[in-house]
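Here's a quick walk through how the chains of this assembly meet and what one of them looks like on its own. Have a look at the model first.

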Amino acid sequence: MSRTAKILSSLFILFWVLTAFAPSLIAPADPLAINPSQAFQAPSSAHIFGTDESGRDVFTRVIHGAGDSLYIGLAATALGMGLALVLGTAAALAPRWLDEVILRVLEALYSVPSLLMALLIIAFTGPGVGPAIVAVGLSTAPGYARLVRSQIRTLKNSEMLEAATVLGRGTWLKVRNHLVPNALQPLLALVTLGIGQAVIWAAALSFLGLGTPPPAPEWGAMLSAGRTYLHLAWWLSFFPGLAIVVVAAGSTLIGRALGGKVKAV
Amino acid sequence: MRRNQRATRLLTGALALPLAAALIAGCSSTEDPSANKDTKPVAGGTLVYASGDAEPSCLDPHVGGNYPQALVASQFMESLFTKDAEGKIIPWLAEKSEVSADGLTRTITLRDGITFHDGTKLTSEAIKANIEHLQDPNTASSTGYLAVGKVDQIKLVDDLTAELKLSAPDNALLESLSMPWTAIQSPQGLKRDQAANCAAPAGTGPFKVESWDRQQAVNLVRYEDYVSPAANAERASATSYLDGITWRFIPEAASRYAALQSGEVDVIDNPQPDTISTAADNGLGHLDAPRPGASNRLELNSSKAPFDDVRVREAFMHSVDVNSGINSLYFNTAKRSYSLLSSVEPLGISDDSKFTTDATKANELLDAAGWSERDSEGYRVKDGKRLTLKFPVSTNQSVPAEQSLFEQMQAAAKPVGFEVKIELLDLSSWYGALAKHEYDLVSAPYTKVGPSVLRILFHSDSTIPAPSGYFANNAQIKDPKLDQLLVDAEQTNDEAERAELYKQAQQIVLDGYYVMPLYDQQNHFLYSKNVHGMGETTAVSSPIYYNVFLDK
Amino acid sequence: MNPLLAVENLSVSFAGQQAVDAVSFQLAAGECLALVGESGSGKSVTARSLMGLSGGTVSATKLMVCHEDALALSEPAWQKIRGNSVVMILQDALMALDPLRPVGREIEDVLKEHSSLNKSQRTAKVREILAAVELPEPERRMKQRSTQLSGGMRQRVLIAQALIGDPQIVIADEATTALDSRLAALVLEQLAALKNEGRAVLMISHDLAQVAQLADRIAVMRAGQIVETGPTEQILNHPQHEYTRTLLRAIPSGVPRFAPLSAGTPVNEPRQLAPASTDSAPALVVENLSKSFAKHPAVVEAGFVLPRGATLGLVGESGSGKTTTARLVLGLERPDTGSVTLLGDRFAPHSEAARRGLRENIGAIYQNPLGSFDPRYSVGQILTDALSAGRSKRATGYKDQVGRLLEQVELDPVLSTRNPRELSGGQRQRLAIARALAPEPKVLVLDEPVSALDVSIQATVLDLLDRLQQETGTSYLFISHDLSVIEHMSDFVAVMHRGRIVEQGPTAQVFGDPQHEYTRILMTAMPRLR
Amino acid sequence: MKLLAWLGRKVGGALVVLWLVATAIFIGVRLIPGDPAEAIMGGPGSQASAEALANARSEYGLDLPIISQYFLFLAKLIRLDFGTSYSFKDPVLQIMGEVLPPTINLALLALVVAWLLALLFALLAMRANKFGRLLGNAVEIVAAAVPHFWLGAVLIMLFSSMLGWLPAVANGTPAGLVLPVLTLALPLAGFLTQLMRDSLNTAMGSQFALAARARGESRLTVFRRHGLRHAALPALGLTGWAFSSLLSGAVVVEAIFARPGLGRSLLSAVLARDIPMVTGIALFSALVYIVVMALTEAIERLIDPAGAES
């Protein structure tokens, strides 16, 4: 990663962390404050992203929405990655038969498309943020797990670990000093790539009315609400959509800079 | 039959049109683009209709019985009675009807010469078969079932005459029988299994169901043997002008409107308010047909805290500002209602004094009711419990503008100290939440012809769930005096007394702050300029396309 | 005579970076010119600019290719020449053939570009040419992909591809590099045949010894310039330029043990091997070692003894089982039969836990050391990790030792904060040696330690290994496919062929009087200058 | 013979996967609190009649011990009896027959278009200058980051409402397919381009590409004969994933463009808690995925027999 890329990525992450944890620093207004007389104002200096159907400031809502949207994306990715670490590591280190069993389970998880799996889970649990996280997490897990597995298998047979063996390192030292840190590095890149997609999937669920309930300013929900006014007020759906695109594109860029390859995540 | 005619301009400007009758007050249509063109009706062409409602799982409106079913069924099924332009109930498939002095026997005589789409003749047997079908628990009828609840047994007098024995006098029976949910279909058809009948019910309407490509369209075609119960000399042929109707389901409002704009579809329902307001500018026709029965309203669950205290209910009424919300969200397409009943119901009374926005008063009432403390988030607390209102909202029943309105209420109630928790639910979960009494506020539209809807909505019997778990009295009003008024109102023969009884009943509900009326149940349609003759509707305001024609 | 290639003051630059600087030479039909230089000297760029494929900015006062002014050639005109009048044989046959396409199709592409033959004629011609280069079963092989062929077959395919167009000029870009000596000999033989047919051959190589057999003239390149050019005989025997001398000196074959190959190294005194003392066990004893993978024998009943302080050279072609032997010796594979004894202690077969205590006595160096370093570690961290037995990678407390190690392998201490990726190939190998030396082992297993290095760098690394052995008395098990390196480095030699050790003994004996048939073949294929 | 063994392995694997999916669904349904019969018939809100509940009880053997229920469930699946969708009032299998083809068509078409776009883009990127590459890079990343639902809405607004060039909703004509296919294909094309460009760059900078140039091939010929295969291989390996993401996207796209199909059925089935329908769709999409995977594997073996072996 070049120096400029490092600085830019750090700024990007810092910006979103800031918006997620202290949105009021950037947009001090209340994202839920209504003002019906100011509804459907086009972007202007007073409301740079315009106002929505209840006169709420879209900029304020987009900024305040970062917390929810990113939370779902991060939580889902964390869940997916956690599951993947367990399954992937187990598969990589387990005897052949167990590896085979885990692979089949992963394939089964993989065979139902993400959003379909999410809907399936919601059919059992009913809609909401929790099910959305579980659904997105579960549907991304197999992709991660396969990569964890191959990553660990590659590392397990790497010259690096052989060199450590030759130097007389015990299993624990090899795992702690080399296997884990080196497995995590590409996974970090992968997770970064994955977060963007998780945010999109979570937004898709909200868009279908199965995620975050209103009036919380979650991007997918805002987009969903705004799309009905597409003919009247494009800014209602444009800016939340832009936020999703920026986060997803940014996470792709950083993920790639971290050495991640675009893979099935 | 004189069905509701709603286009004044149409009527004055285009007398050549084979349309008749005056307007019902309160209904309006923006300028019909065809009105001044003196267009002569031409036969032919298939109209494409795009509905924003969920695709019904059954085309037979007896099964379940919701408004989307009524919208489509109005094209291929007809009722025994209907409502004329003045709002009076008149016979339709029936020729005449009489009631005995004790009010317990209703005799209905059918018109002769009408045939169902399956070729069978309309006879009194059909009345019996249809009402029994509605009452059969396996039909799982909700709306029609309640409408014919007082019919005990049916006696066939002759080929065209049936006698309905009632358990109690019911002056709303004809209104009930004017609704599409009690429309008449072929007894032969009803004998099929439910899936078959759901796919293509055989009615008597001007169109018949040719096919139903699920998720694409219900294809309706002209019924060539149609006999209009209201003969019209000006029409050369009794059959519809249109060759057929392609009834599509396009749930996305923006897509639906785009399709209308690009000419892919001719008529859409459930348009967004902003698109209604600009319809005329965009060369589109607009039909506004408020549904009868109840107005769209919020019901406050009075059976449990905090709304078991009338002061809290009153405080809520004063804490929100509905009017400015309606103004900003509905673009002057919806008028604020202060009545329990639709504006098309002549017996409804209005009382705007109860719904003023007055935060001071609301605060005083809440203080008085013991909700005087506030927690860190500014919500009121009593005995350690927050003043929380659970508000399940059905995404199928509340359009986006209405959801936004609720969000605005939520925001407005917060400074006063109410925590309104809106839960957007699919229909199934929404019913589930209601069945479990997990609500303090709810908006449940109910369409029925006539003021007897008040009994369904506010009689204490309606707090008892049906076997399906459904109950209509969501405000949970249990007032013996109100019950008595509602029962008496349905049994009297005297119109004036009926009006008075309903007035008193409505006053009790309004005084108890059980219900917050919002506006009429919105029922708007936009249509492109090549569509002519829009305006005719059934008793429940669902449009009929019998007289509609397209430019060649 | 009108030369086929006439180059005057050819310069090539990439984004302002001068890669080739005013190079001039000529090449006539039936002649072979060798461009010799180390990586980065610009020899490959020079070769590619002769085909219009340098990818950089080309300028020259004269650039004639097959009597055409190459500077004025349009891209379509170039395409007519390439593969037809001028062909190129690339270094690595595996890389030079598309792994996703049948090799027959690759050859056929030449005909598609340059002939009007139809499909069946083309196929016939491909079959013909493959038979001409003595590819066994041409009918079957032409339908296979390069990954399914052996190294020798691939080389033949590559030559066939060059020949099918009947070229006037053949450019062989490192065509013999990294090949086993027998394969290299095969390629040289083919090139010689081409030359004798009257074609012009331009050889690009870093290996003076190899080109010497074929080239009529040699041009030595360094840093984009030709530093010396002349007839082969003159360059080899009377080099004028210092750099040419450096290159010649770096060739290990025939250089006595411990004699320095690089200029900077002080002359080591040839050392007498200390007589094996009876009380101390040999450094390494390998007995009856066998290992099979999926019933495919990799090592069969191998046995040898490495005396203390000595070097045993293990030589063989790729796939002969050398690396498997090394892995068995290092305890990385469990032998099917046999045993490894390290300094008198049983080392394999054994449990890893029991073996761990003995590990500090044995170290390993690989051909490509980069893969054996943790990519997250800096040079200093790698050494600290090695010194602290994995307990720490922080330099505190080990700083002096790290400095000493770096000094020992002649690396600048400022490199300790660098990542190994930023080091040159020679530096990386020195780092690998430093790491291996950290626990002060008695035995080092070196698996092709210099095969990826340029000749002059190879020379310095070999000199370093010599010096370290003299200083520390470490025993080396030195594995290589390169006979000249083995000859220079080893006290004893073991020759491996198809998993078996076919011959072993003192170096002079094996090289001077090979007994086994296979050893003799190897020896004749070995290029010699001295 | 080898082919037969491969086929056998694939079928065996597919059955195991389908069995696992079915088992997971069985467990999922039993985890729904309340009366399982009611759960199957759409939850408490569905207002299923007593008779319908009794029917469900006997059909799914809900009075039997749980293990018998499980085997009954599997036995029905083996006989391809997925039950009757209570919300569609038709046998699930029949509905599948109706909704599967339009979705598969849409997804396949989108896949092809995405591939073509990606190839075109990769080719353009190859020829572009530095600025062009940077721009291409930005476009492909942004394309991959655009949510379907947003893209669909924007495309409708642009091409239907404002320009009036293309129909906004599916109408059975080829023109009606353009916007839905683009909506699905553009984000995927972004992904594929990123992937292809990496491997294309590697391939075009490789020794064998140089060798091909040295044979006299033009850059375009090298791209066609060599670059394409190498670019396609990793992207092809992703086809299973891509197809699966297209099926996901179809849920949204079918809703926006009012197209009939698997996604729209699933959405309405989920909203209605129509468990037999949901089960059927899950199993069928798993089957579709398995078939697509097997097909791509077959194609991969054609392109790279050696790589597929390992």
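Two residues count as being in contact here if their C-beta atoms, placed from the backbone, lie within 7 Å. Keep in mind that this is a predicted model.

**Where the chains meet**

Which chains share the most contacts? Among the five pairs of chains that touch, chains A and D have the most. Chain D puts 42 residues into that contact, and chain A puts in 36 residues. On the chain D side, at least two residues each come from several helices, including helix H1 (2-31), helix H8 (174-204) and helix H13 (275-303). That side of chain D is made up of 33 nonpolar, seven polar and two charged residues. Chains B and C, on the other hand, have no contact, and their closest C-alpha atoms are 46 Å apart.

**Annotated spans in chain D**

An unreviewed UniProt entry lists "transmembrane region" features in chain D, among them residues 177-196 and 233-257. Here's how those two spans come out in the model:

| Span of chain D | Helix | Strand | Distance between end C-alpha atoms |
|---|---|---|---|
| residues 177-196 | 100% | 0% | 26 Å |
| residues 233-257 | 92% | 0% | 33 Å |

**Chain A by itself**

How many helices and strands does chain A have? The count is 10 helices and zero strands. Its C-alpha atoms fill a box of roughly 75 × 45 × 25 Å along the principal axes. Chain A has 265 residues, of which 61% count as buried. Taking contacts in chain A between residues at least 6 apart in sequence, 67% link residues at least 24 apart.

Definitions and conventions
Residues are numbered from 1 along each chain as its sequence is written. Chains are lettered from A and ligands numbered from 1 in the order in which they are written. This is a predicted model: local features need pLDDT of at least 70, side-chain atom pairs count only at pLDDT 80 or more; totals for chains, interfaces and linings use all residues. Helices (H or I, at least four residues) and strands (E, at least two) are DSSP runs, numbered from the N terminus. Ala, Val, Leu, Ile, Met, Phe, Trp, Tyr, Cys and Pro count as nonpolar, Asp, Glu, Lys and Arg as charged, and the others, Gly among them, as polar. UniProt positions are given in the numbering used here, feature names are shortened, and annotations may be inferred rather than shown by experiment. A residue is buried if 20 or more other C-beta atoms lie within 10 Å of its own, exposed if 12 or fewer, and partly exposed in between; C-beta atoms are placed from the backbone.
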